[in-house]
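Hi,

Here is the structure I said I would pass on. Have a look at it first, and then read my notes below.

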Amino acid sequence: MDEALHPLTLLAFGMYGEVLPKQNGAPVRIVLPWKYGFKSAKSIVALRFVEQQPGTAWNKAAANEYGFYSNVNPDVPHPRWSQATERRIGDGGGLFAPRRKTELFNGYADQVGSLYAGMDLKKNY
């Protein structure tokens, strides 16, 4: 609930000035900019409030690779690659764009870090 109610959390109803197309999550999708992209729900059609942490498609498929929280954290490597650096879309060069240091919580650490205070971010990746 804290993540969903955070001021940086976005509900997207459109993109590029148009209604959100089905292939991009119509009628509405949630975007959490401090998390890895797969963590933002593709499409919201209903909400259920549950008492226990639910499994997600990604962490059911590979729990050792895709944690429940999935915050952008350069200090927690994916089992098959480092997440310490990244290439940004639009930096020029496509696949050959220069790599840059990945920022904790995608650069939103000051705004969202308190949501995870006291949490072991390596265990709860």
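What follows is a short tour of what turned up, starting with the rings and ending with the backbone.

One caution before the details: this is a predicted model.

**Aromatic rings**

A search of the whole structure turns up 4 aromatic pairs. In one of them, F68 and Y69 meet edge-to-face, with 5.3 Å between the ring centres and 90° between the planes. Y69 also pairs with Y116, again edge-to-face, at 6.2 Å centre to centre and with planes 80° apart. Y69 sits in the loop between α2 (57–61) and β5 (85–86) and Y116 in the segment after α3 (109–112), so this pair ties together parts that are 47 residues apart in sequence. Both Y69 and Y116 are buried. F68, on the other hand, counts as partly exposed because its relative accessibility is 22%, and the cut-off for buried is under 20%.

If you display the rings together, you'll see that ring pairs link F68, Y69, F105 and Y116 into a cluster. While you are there, look at K39 too: its charged end sits over the ring of F68, 4.3 Å from the ring centre.

**Salt bridges**

Side chains of opposite charge can pair when their charged atoms come close. The whole structure has 5 salt bridges. Here are the ones I looked at:

- E3 and K35 meet at 2.8 Å, N to O. E3 is in helix α1 (residues 2–5) and K35 in the loop between β4 and α2, so distant parts of the chain, 32 residues apart, are linked. K35 is buried, with a relative accessible area of 5%.
- R80 and E65 meet at 2.5 Å, N to O. Both R80 and E65 lie in the loop between α2 and β5, so the bridge ties together parts of that loop that are 15 residues apart in sequence. R80 counts as exposed at 54% relative accessibility, whereas E65 is buried at 18%.
- E103 and R100 meet at 3.9 Å, N to O. E103 is partly exposed at 37% relative accessibility, and R100 is also partly exposed, at 31%. D91, R100 and E103 are linked in a network of salt bridges.

**Surface and annotation**

M1, L5, L47 and F49 make a nonpolar surface patch of about 550 Å². L47 is found in the loop between β4 (29–31) and α2, and this leucine is exposed, with a relative accessible area of 67%.

As for the record, an unreviewed UniProt entry lists residues 1–58 as "domain: Oxidoreductase molybdopterin-binding". In the model, that stretch is 10% helix and 17% strand, and its end C-alpha atoms are 20 Å apart.

**Backbone oddities**

Where is the cis peptide bond that involves P27? The bond runs from A26 to P27, with omega near 10°, and P27 has its place in the loop between β3 (18–19) and β4.

Two residues other than glycine have caught my eye for their positive phi. S70 has phi near 50°; this serine is in the loop between α2 and β5 and counts as buried at 4% relative accessibility. F105 has a positive phi of about 55° and is found in the loop between β6 (100–101) and α3. At 3% relative accessibility, F105 counts as buried, and this phenylalanine is also one of the residues in the ring cluster.

Cheers

Note on methods: Residues are numbered from 1 along each chain as its sequence is written. This is a predicted model: local features need pLDDT of at least 70, side-chain atom pairs count only at pLDDT 80 or more; totals for chains, interfaces and linings use all residues. Side-chain values use heavy atoms; hydrogens and water are left out. Rings of Phe, Tyr and Trp (its six-membered ring) pair if their centres lie within 6.5 Å; planes under 30 degrees apart count as stacked, over 60 as edge-to-face and the rest as tilted. Buried means under 20% relative accessible area, exposed over 50%, partly exposed in between (1.4 Å probe, protein chains only). Helices (H or I, at least four residues) and strands (E, at least two) are DSSP runs, numbered from the N terminus. A charge sits over a ring if NZ of Lys or CZ of Arg is within 6 Å of the ring centre and within 35 degrees of the ring normal. UniProt positions are given in the numbering used here, feature names are shortened, and annotations may be inferred rather than shown by experiment. Patches are made of residues with over 30% relative accessible area and no salt bridge: like charges are joined within 9 Å, nonpolar side chains (Val, Leu, Ile, Met, Phe, Trp, Tyr) within 5 Å. Accessible areas come from the Shrake-Rupley method with a 1.4 Å probe; for residues, only the protein chains shown count as cover. A salt bridge is a side-chain nitrogen of Lys or Arg within 4 Å of a carboxyl oxygen of Asp or Glu.
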